[in-house]
Amino acid sequence: QVQLVESGGGLVQAGDSLRLSCTASGRAFTTDAMGWFRQVTGTGKERDFVATINWTGSTTRYADSVKGRFTISRDNAKNTVYLQMNSLKLEDTAIYYCAASKFSTIIPQFMDQSLYHSWGQGTQVIVSS
């Protein structure tokens, strides 16, 4: 099992940028595809897919709502995956979670949370007007 710890969340204004980090320990995650999900608290909604990256970092996928604004990347030497978030909007307010996939590549069901075997505890992002 891999342990994941997110960091980098905070309170920002609309239009600002943030970079989230997710660092793995316990075992190397270098052969796992990785994903970012987010959950809006207080609504009862489940976590929504945000972005995913394959194990080499050569392939990425994004939710339509963040495409063109968010960038997922990874540094396997540092066991870390990043989510660069630009042009933040009020609706980006959520708890952001990183997760390690059961697969190395990005499979068609990449938005399915059940395909991720390890999750971090989340980091809060609040975007104010």
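In what order do the four strands of the open sheet lie? In this predicted model, the order is S1-S3-S8-S7, and the pairing is antiparallel. Strand S1 (3–7) and strand S7 (70–75) form the edges, each pairing on one side only. From one strand to the next, the twist averages 15°.

The pairings can be followed across the sheet. S1 pairs with strand S3 (residues 18–25) in the antiparallel sense, over five bridges; within this pairing, Leu4 has Ala24 of S3 as its bridge partner. S3 is in turn joined to S8 by six bridges, and these strands also run antiparallel. Here Cys22 is matched with Val81 in S8. On its other side, strand S8 (residues 80–85) is antiparallel to S7, with six bridges between them, and Tyr82 of S8 is the bridge partner of Ser73. In general, strands of a sheet pair through backbone hydrogen bonds, in either a parallel or an antiparallel arrangement.

A search of the whole structure yields four salt bridges. Asp92 takes part in a salt bridge with Arg38, with the closest N and O atoms 2.9 Å apart. This pair links distant parts of the chain, since Asp92 lies in the loop between S8 and S9 and Arg38 in strand S4 (residues 34–39), 54 residues apart. Asp92 also forms a salt bridge with Arg69, where the closest N and O atoms are 2.7 Å apart. Arg69 is located in the loop between strand S6 (60–62) and S7, so its pairing with Asp92 ties together parts that are 23 residues apart in sequence. Arg38, Arg69 and Asp92 are thus linked in a network of salt bridges.

The members of this network are buried: Asp92 and Arg38 both fall in that class, Asp92 because its relative accessibility is 0%, and Arg69 counts as buried at 11%. Another salt bridge joins Asp48 to Lys45, with the closest N and O atoms 3.9 Å apart. Asp48 counts as partly exposed because its relative accessibility is 34%, and Lys45 is likewise partly exposed, with a relative accessible area of 46%.

Ser101 belongs to strand S9 (residues 94–101). With a relative accessibility of 5%, Ser101 counts as buried. The side chain of Ser101 reaches the backbone nitrogen of Phe103 at 3.0 Å. Leaving aside residues up to four places away in sequence, Ser101 touches Asp32, Ala33, Leu115, Tyr116 and His117.

How values were computed
Residues are numbered from 1 along each chain as its sequence is written. This is a predicted model: local features need pLDDT of at least 70, side-chain atom pairs count only at pLDDT 80 or more; totals for chains, interfaces and linings use all residues. Side-chain values use heavy atoms; hydrogens and water are left out. Two strands pair if DSSP finds at least two bridges between them. Helices (H or I, at least four residues) and strands (E, at least two) are DSSP runs, numbered from the N terminus. Axes are lines fitted to C-alpha atoms, for helices over the stretch in contact, and angles run from 0 to 180 degrees between N-to-C directions. Buried means under 20% relative accessible area, exposed over 50%, partly exposed in between (1.4 Å probe, protein chains only). A polar contact is a pair of N or O atoms within 3.5 Å; within protein, one must be able to donate a hydrogen and the other to accept it, and residues adjacent in sequence count only if both atoms are side-chain atoms. Contact means heavy atoms within 4.5 Å. A salt bridge is a side-chain nitrogen of Lys or Arg within 4 Å of a carboxyl oxygen of Asp or Glu.
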